[in-house]
Amino acid sequence: MTAPVTVGLLVRIEALPGREDDVENFLQRGLDLVGQEPETVRWFALRFGASSFGIYDAFAADSGRQAHLSGEVAQALADNTGVLFAQPTIEPVDVIAEKAPL
């Protein structure tokens, strides 16, 4: 059974001009990194528009969220800010309700 989520992060990323494909590839590689984080219960890479991207991750508890913020994905975001994308916005969120995967 999958753990229910209670908290998450919504990250918004704006690609620098001409780096849209690189940002998409960066996000696809992020899946491997979060696969190594047992407390990251759900993770989605998103595309909102031509140069606008995002990440949504969810956790069973705030401890998982804090571990994720100290992990490899957060470091990769920091390393690529100004290279692939502008400064991301990272918004902590509380999950009110969810439909858990089957």
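1. Let's start at F59, which sits in strand β3, the stretch covering residues 52-59. Keep in mind that this is a predicted model. F59 is buried, since its relative accessible area comes out at 0% and the cut-off for buried is under 20%. Leaving aside residues up to four places away in sequence, F59 touches V5, T6, V7, G8, L9, E39, T40, V41, G64, R65 and H68. One of those partners, V41, is 18 residues from F59 along the chain, yet the two C-alpha atoms are separated by 5.2 Å.

2. A little further on comes S63, in helix α2, which spans residues 62-69. Is S63 buried or partly exposed? Its relative accessibility is 44%, so S63 counts as partly exposed. For a distance check, try E39: S63 and E39 are 24 residues apart along the chain, and 8.2 Å separates their C-alpha atoms. E39 also turns up among the residues that F59 touches.

3. Now the overall layout. The protein has three helices and four strands. Reading from the N terminus, the order is β-α-β-β-α-α-β. How much of the contact map joins residues at least 24 apart? Of the contacts between residues at least 6 apart in sequence, 74% do.

4. On dimensions, the radius of gyration is 14 Å, which agrees with the value near 13 Å that a compact globule of 102 residues would have. Along the principal axes, the C-alpha atoms fill a box of roughly 40 × 25 × 20 Å. As for burial, 34% of the 102 residues count as buried. The protein exposes about 6000 Å², with carbon and sulfur atoms supplying 57% of that area.

5. On charges, there are 7 positive and 15 negative side chains, and the centres of the two sets lie 5 Å apart. Side chains of opposite charge can pair when their charged atoms come close. How many salt bridges does the structure hold? There are five, and the next points go through some of them.

6. One of them joins the side chains of R12 and E91, with an N to O distance of 3.4 Å. This pair links distant parts of the chain: R12 belongs to strand β1 (residues 7-14) and E91 to strand β4 (residues 89-94), with their positions 79 residues apart in the numbering. R12 is partly exposed at a relative accessible area of 41%, and E91 is partly exposed too, at 33%.

7. Another bridge connects E24 and R47, whose closest N and O atoms are 2.7 Å apart. Which elements does this pair link? E24 lies in helix α1 (residues 20-34) and R47 in strand β2 (residues 40-47), and the two are 23 residues apart. E24 has a relative accessible area of 31%, so it counts as partly exposed. R47 is also partly exposed, with 42%.

8. Last, look at D22 and R19, whose side chains meet in a salt bridge at 2.6 Å, N to O. Here D22 is partly exposed at 30% relative accessibility, and R19 is partly exposed at 28%. If you want a contrast in the viewer, put this pair beside F59, which is buried at 0%.

Technical notes: Residues numbered from 1 in each chain as written. Predicted model: local features only at pLDDT ≥ 70, side-chain atom pairs only at ≥ 80, totals over all residues. Heavy atoms only, no water. Rg over C-alpha atoms; globule rule 2.2 N^0.38 Å. Buried < 20%, exposed > 50% of the residue type's maximum accessible area, 1.4 Å probe, protein only. Contact = heavy atoms within 4.5 Å. Areas by Shrake-Rupley, 256 points an atom, 1.4 Å probe, with all protein chains shown as cover. Lys, Arg positive; Asp, Glu negative; His and termini not counted. Charge placed at Lys NZ, Arg CZ, Asp CG, Glu CD. Salt bridge = Lys/Arg side-chain N within 4 Å of Asp/Glu carboxyl O.
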